[in-house]
Amino acid sequence: MINAPTIILVGPMGAGKTTIGRLLSQQLDREFFDSDRVIEENAGADIPWIFEKEGEEGFRRRETQTLEAMLSEEQLPIVLATGGGIVMMEENREMLKQQPLVVYLFASVAQQLQRTSKSNNRPLLKQGDPKETLTRLFAIRDPLYREVASVIVETDSRHPKTVANKVMDAIKKHLATEV
Ligand SMILES: Nc1ncnc2c1ncn2[C@@H]1O[C@H](COP(=O)(O)OP(=O)(O)OP(=O)(O)O)[C@@H](O)[C@H]1O
Ligand SMILES: O=C(O)C1=C[C@@H](O)[C@@H](O)[C@H](O)C1
Ligand SMILES: [Mg+2]
């Protein structure tokens, strides 16, 4: 067991933030939160509904409020998976940069496409060609994920458990160089 601070996962849709975050929380025996789920619980509605009624702008407002609330609470270290677009707002990036352990889960556009193709609960991928959308978003967001992250981990492995182990190793290495 390692004595790490709160672990925040960032990265594109389909990188595995939710999947890997849950596995890490089990390994570390910590509480797991997913900002997308917290937003849905607080709104009493799902993300497609929020996008439809309030637009992306309304969703981003909720996302910033949620991140702020989660990071300002006195709490034990947790594992927090974020939404793929969390880095779009400058105020979110500033909050993330204050955090000691932000992990960027990197996935190629081909992997993102494959992993997002099974569900249709991501409003940004419902219009137009998903490959073009993911490519466009990646060009904008990849530098922003890098700006806020202290650790970057490739997620191309097919097995979420392998990726979770890779993240643990990268975190341990990072913490060892911090002291
Ligand atoms: N390393 C992996 N290998 C194979 N499949 C994976 C891997 N990581 C995640 N997946 C699968 O990809 C899909 C998307 O993963 P997940 O929902 O965790 O992504 P996310 O980063 O949380 O996306 P979003 O930003 O949309 O919330 C899920 O079906 C999950 O099981
Ligand atoms: O990449 C994005 O902008 C999004 C990713 C998802 O996690 C959700 O936060 C929502 O569908 C928007
Ligand atoms: Mg997720």
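Arginine 141 sits in helix α6, where helices (H or I, at least four residues) and strands (E, at least two) are DSSP runs numbered from the N terminus. The model is a predicted one, so to speak of local features takes pLDDT of at least 70, side-chain atom pairs count only at pLDDT 80 or more, and totals for chains, interfaces and linings use all residues. Residues are numbered from 1 along each chain as its sequence is written, while chains are lettered from A and ligands numbered from 1 in the order in which they are written.

Back to Arg141: this residue is partly exposed, because 19 other C-beta atoms lie within 10 Å. The label follows a simple count, with C-beta atoms placed from the backbone: 20 or more others within 10 Å makes a residue buried, 12 or fewer makes it exposed, and anything in between is partly exposed. Setting aside neighbours within four places in sequence, Arg141 is in contact (C-beta atoms, placed from the backbone, within 7 Å) with Pro12 and Val87. An unreviewed UniProt entry puts a "binding site" annotation on Arg141 along with Asp36, Arg60 and Gly84; such positions are given in the numbering used here, feature names are shortened, and annotations may be inferred rather than shown by experiment. Asp36 belongs to helix α2 (residues 35-43). Aspartate 36 is buried, since it has 22 other C-beta atoms within 10 Å, and beyond its neighbours within four places in sequence it touches base with Ile47 and Gly83, both in contact with it.

Helix α6 also packs against another helix. Two packed helices are described by the angle between their axes and the distance between the axes. For α4 (residues 90-97) and α6, the axes come within 8 Å and cross at roughly 35°; axes here are lines fitted to C-alpha atoms, for helices over the stretch in contact, with angles running from 0 to 180 degrees between N-to-C directions. On the α4 side the contact uses Arg93, Leu96 and Lys97, and on the α6 side Leu144, Glu147 and Val148. That set splits into 3 nonpolar, no polar and 3 charged residues, counting Ala, Val, Leu, Ile, Met, Phe, Trp, Tyr, Cys and Pro as nonpolar, Asp, Glu, Lys and Arg as charged, and the others, Gly among them, as polar.

The largest nonpolar core (buried Ala, Val, Leu, Ile, Met, Phe, Trp, Tyr and Cys residues joined through C-beta atoms within 7 Å) has 30 residues, and Leu9, Val10 and Val103 have the most contacts inside it. Elements giving two or more residues to this core are β1 (7-10), α1 (17-28), β3 (79-81), β4 (102-106), α6 (130-148) and α7 (160-178). Outside its neighbours within four places in sequence, Val10 has contacts that include Thr82, Ile86, Tyr104 and Tyr145.

As for ligand 1, 21 residues surround it (C-beta atom, placed from the backbone, within 6 Å), and Gly16, Thr18, Thr19, Gly84 and Arg115 come nearest. Both α1 and α7 give two or more residues to this shell, with the largest share, 3 residues, coming from α1. By class, the shell divides into 5 nonpolar, 10 polar and 6 charged residues.

A second UniProt "binding site" feature, also from an unreviewed entry, includes Ala15, Thr19 and Arg158. Ala15 lies in the loop between β1 and α1 and is buried, with 26 other C-beta atoms within 10 Å. Thr19, in helix α1, is partly exposed, with 19 such atoms within 10 Å. Arg158, in the loop between β5 (151-154) and α7, is exposed because just 8 other C-beta atoms lie within 10 Å.

Note on methods
Contact = placed C-beta atoms within 7 Å.
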